[in-house]
Amino acid sequence: MRTYKKIILAGAFLGLAGSAAQAADADPAVPATTYENMGFYLRADVGWSFLDWSEGNDNNWAAGVGAGYRFNDNLRVDGRFDYAGQYHVAPGADMSVTTALANAYFDIPTGTAFTPYLGAGVGYGWGTVDGGSDKDGFAYALMAGVGVNLSDSVELDVGYRFRNIMASGADPMEHQILTGIRFGF
């Protein structure tokens, strides 16, 4: 019996010594997440959009796709193509809004699975009106939300976005609630 106790005690000691030696190899000045979070990602978003326009207000679905790059734990950029469909703005007239935007985001690491962010984007937008004049021109967006890590390469994104197309006359503006997935690689 005494031999088994010595073997168990020696095994426990060797296990602790091995884990301490392995921990000594880590560089405490460089967090492990710094290098893991860098790289390209693809995204897809769906949600609900509320049109705020002097010629008609309505709400409808919205969807978008994009590709981006994460530089570090705080900074990422992407290009997005987004569509919000068929707002009823007048009898017999529907409007859809499409934008192509370049966006920058500031992520706020919390040390948990939840990462709040703020973002802004610029680009071009098209407001297509059936039976009326189209509205297109410079577009911008302001975003805020939270990313939720589902795995090392998949993140759920829930957020709010204000989107505006600065066209001649009244600007089509939207308030959007979006949910999306980001796939990193």
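**Exercise 1. Asn-164**

Find out whether Asn-164 is buried or exposed in this predicted model, and which residues surround it.

*Solution.*
- Start with the accessible area: Asn-164 has a relative accessible area of 4% and is therefore buried. Buried means under 20%, exposed over 50%, and partly exposed in between, with a 1.4 Å probe and protein chains only.
- Next, place the residue: Asn-164 sits in strand 7, residues 154-166. Strands are DSSP runs of E with at least two residues, helices are runs of H or I with at least four, and both are numbered from the N terminus.
- Then list the contacts (heavy atoms within 4.5 Å). Beyond four places in sequence, Asn-164 touches Phe-138, Ala-139 and Tyr-140, as well as Asp-171, Pro-172 and Met-173.

A word on the ground rules: residues are numbered from 1 along each chain as its sequence is written, and side-chain values use heavy atoms, leaving out hydrogens and water. Since this is a predicted model, local features need pLDDT of at least 70 and side-chain atom pairs count only at pLDDT 80 or more, while totals for chains, interfaces and linings use all residues.

**Exercise 2. The fold**

Work out how many helices and strands the chain has, and in what order the strands close up.

*Solution.*
- Count the elements: the chain holds two helices and eight strands.
- Follow the sequence: the pattern reads α-α-β-β-β-β-β-β-β-β.
- Trace the pairing, which requires that DSSP finds at least two bridges between two strands. The eight strands close into a barrel in the order 1-2-3-4-5-6-7-8, with antiparallel pairing. From one strand to the next, the twist averages 25°; the axes behind it are lines fitted to C-alpha atoms (for helices, over the stretch in contact), and angles run from 0 to 180 degrees between N-to-C directions.

**Exercise 3. Around strand 1 and beyond**

Determine how many bridges link strand 1 to strand 2 and to strand 8, and pick out some residue partners.

*Solution.*
- Look at the hairpin side: strands 1 and 2 are antiparallel and share 13 bridges. Here Trp-48 stands opposite Trp-61 of strand 2. Five residues lie between these strands, and Gly-56 in this hairpin has a positive phi near 155°.
- Turn to the other side: strand 1 joins strand 8 (residues 173-184) through twelve bridges, again antiparallel. Tyr-41 has Gly-184 as its bridge partner, and Arg-43 faces Arg-182.
- Move on to strand 7, which pairs with strand 8 over eleven bridges. In this pair, Tyr-160 is opposite Ile-177.
- Finish with strand 2 (residues 58-70), which shares nine bridges with strand 3. Ala-63 is partnered there by Tyr-83.

**Exercise 4. The nonpolar core**

Identify the residues that touch the most other members of the largest nonpolar core, and the strand that supplies its largest share.

*Solution.*
- Recall the term: a nonpolar core is a set of buried Ala, Val, Leu, Ile, Met, Phe, Trp, Tyr and Cys residues joined through side-chain atoms within 4.5 Å.
- Find the hubs: among 20 residues, Leu-51, Trp-53, Tyr-87, Val-89 and Met-95 touch the most other members.
- See who contributes: strands 1, 3, 4, 5 and 6 each give at least two residues. Strand 4 supplies the largest share, five residues.
- Zoom in on Trp-53: leaving aside neighbours within four places in sequence, its contacts include Val-89, Met-95, Val-129 and Pro-172.

In soluble globular proteins, nonpolar side chains tend to be buried together.

**Exercise 5. A loop residue**

Decide whether Asp-134 is buried or partly exposed, and where it lies.

*Solution.*
- Locate it: Asp-134 belongs to the loop between strands 5 and 6.
- Read the area: at 47% relative accessible area, Asp-134 is partly exposed.
- Check its surroundings: beyond four places in sequence, Asp-134 contacts Gly-127, Thr-128 and Val-129. The C-alpha atoms of Asp-134 and Ala-167 are 9.1 Å apart, with their positions 33 residues apart along the chain.

**Exercise 6. Where to trust the model**

Find which elements have the lowest and the highest mean pLDDT, the predictor's confidence in each residue from 0 to 100.

*Solution.*
- Take the chain average: pLDDT is 82, and 78% of the residues score at least 70.
- Compare elements: helix 1 (residues 2-24) has the lowest mean, 46, and strand 2 the highest, 96.
- Inspect the weak stretches: residues 3-10 stay under 50 and have zero contacts beyond four places in sequence. Residues 12-35 are also below 50, with three contacts beyond near neighbours in sequence.
- Draw the lesson: where pLDDT is low, the predicted coordinates should not be read in detail.
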